[in-house]
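Work through the exercises below with the sequence and the 3D view at hand. Each task is followed by a solution in steps.

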Amino acid sequence: MHTQERRDRLPPVPENPAMLLNTLQMATLEQIQSFGYRLKFIRRPLFQTPTIVVESADQQKFAVLEEDGSVNLSHNLTIRA
């Protein structure tokens with residue numbers, strides 16, 4: 001029996017990600033995009049704050065955009081290929 005995983009129901013980045021980012025996160029995202037970073041995915045756990053994950057242009061670094069707009073390169077996320 002095949003069980004469909006929950007992440008298959010939602011796209012990694014919603015059509016309007018600004019709905020899930022606060023003003024500080026949006027400002028930071030705009031700034032780091034000029035350095036080649038892009039929005040990779042948004043984890044949306046039930047009843048919890050979304051986790052905003054960005055990826056470097058070379059796809060070697062992943063960072064979390066914290067609620068205060070800071071870029072956390074020392075996160076504890078496990079990124080699957």
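**Exercise 1.** Find which residue of S3 is the bridge partner of Val 53, and then place that pair in its sheet.

*Solution.* The model is a predicted one.
Step 1. Val 53 has Val 64 as its bridge partner in S3. Ile 52 is likewise bridged, with Leu 65 as its partner in S3.
Step 2. Strand S2 covers residues 51-55 and strand S3 covers residues 62-65; 4 bridges join them, and they run antiparallel.
Step 3. Between S2 and S3 the hairpin has 6 residues, and Gln 59 takes a positive phi near 60 degrees there.

**Exercise 2.** Follow the sheet from S3 to S4 and state how many bridges join them.

*Solution.* Step 1. S3 and S4 run antiparallel and are joined by 2 bridges.
Step 2. Leu 65 stands opposite Val 71 in S4.
Step 3. The hairpin of S3 and S4 has 5 residues between the strands, and in this hairpin Gly 69 has a positive phi near 90 degrees.
Step 4. The whole sheet is open, has 4 strands in the order S1-S2-S3-S4, and is paired in antiparallel fashion. Its edge strands are S1 (38-43) and S4 (71-72), each of which pairs on one side only.
Step 5. Helix H1, residues 23-33, packs on this sheet and touches S1, S2, S3 and S4. The direction of H1 makes about 150 degrees with that of S3.

**Exercise 3.** Sort Phe 62, Ala 63, Val 64 and Leu 65 by the way they point from S3, and say whether they are buried or exposed.

*Solution.* Step 1. In a regular strand, side chains alternate between the two faces of the sheet.
Step 2. Phe 62 and Val 64 point one way from S3, while Ala 63 and Leu 65 point the other way.
Step 3. All of these residues are buried.

**Exercise 4.** List the residues of the largest nonpolar core and the elements that give two or more residues to it.

*Solution.* Step 1. The largest nonpolar core has 10 residues: Leu 21, Leu 29, Ile 32, Tyr 37, Leu 39, Ile 42, Ile 52, Val 54, Ala 63 and Leu 65.
Step 2. H1, S1, S2 and S3 each give two or more residues to this core.
Step 3. Apart from neighbours within four places in sequence, Ile 32 is in contact with Tyr 37, Val 54, Leu 65 and Val 71.

**Exercise 5.** Decide whether Gln 25 is buried, exposed or partly exposed, and find what its side chain reaches.

*Solution.* Step 1. Gln 25 belongs to helix H1.
Step 2. Gln 25 counts as buried because its relative accessibility is 4%, and buried means under 20%.
Step 3. A polar atom of the Gln 25 side chain lies 3.1 Å from the backbone oxygen of Leu 65.
Step 4. Setting aside neighbours within four places in sequence, the contacts of Gln 25 include Ile 52, Glu 66 and Gly 69.

**Exercise 6.** Do the same for Arg 43: is this residue buried, exposed or partly exposed, and which backbone oxygen does its side chain reach?

*Solution.* Step 1. Arg 43 sits in strand S1.
Step 2. Its relative accessibility is 31%, so Arg 43 counts as partly exposed.
Step 3. The Arg 43 side chain reaches the backbone oxygen of Thr 78 at 3.1 Å.
Step 4. Beyond neighbours within four places in sequence, Arg 43 is in contact with Pro 50, Thr 51, Leu 77 and Thr 78.

Conventions: Residues are numbered from 1 along each chain as its sequence is written. This is a predicted model: local features need pLDDT of at least 70, side-chain atom pairs count only at pLDDT 80 or more; totals for chains, interfaces and linings use all residues. Side-chain values use heavy atoms; hydrogens and water are left out. Two strands pair if DSSP finds at least two bridges between them. Contact means heavy atoms within 4.5 Å. Axes are lines fitted to C-alpha atoms, for helices over the stretch in contact, and angles run from 0 to 180 degrees between N-to-C directions. Buried means under 20% relative accessible area, exposed over 50%, partly exposed in between (1.4 Å probe, protein chains only). A nonpolar core is a set of buried Ala, Val, Leu, Ile, Met, Phe, Trp, Tyr and Cys residues joined through side-chain atoms within 4.5 Å. A polar contact is a pair of N or O atoms within 3.5 Å; within protein, one must be able to donate a hydrogen and the other to accept it, and residues adjacent in sequence count only if both atoms are side-chain atoms.
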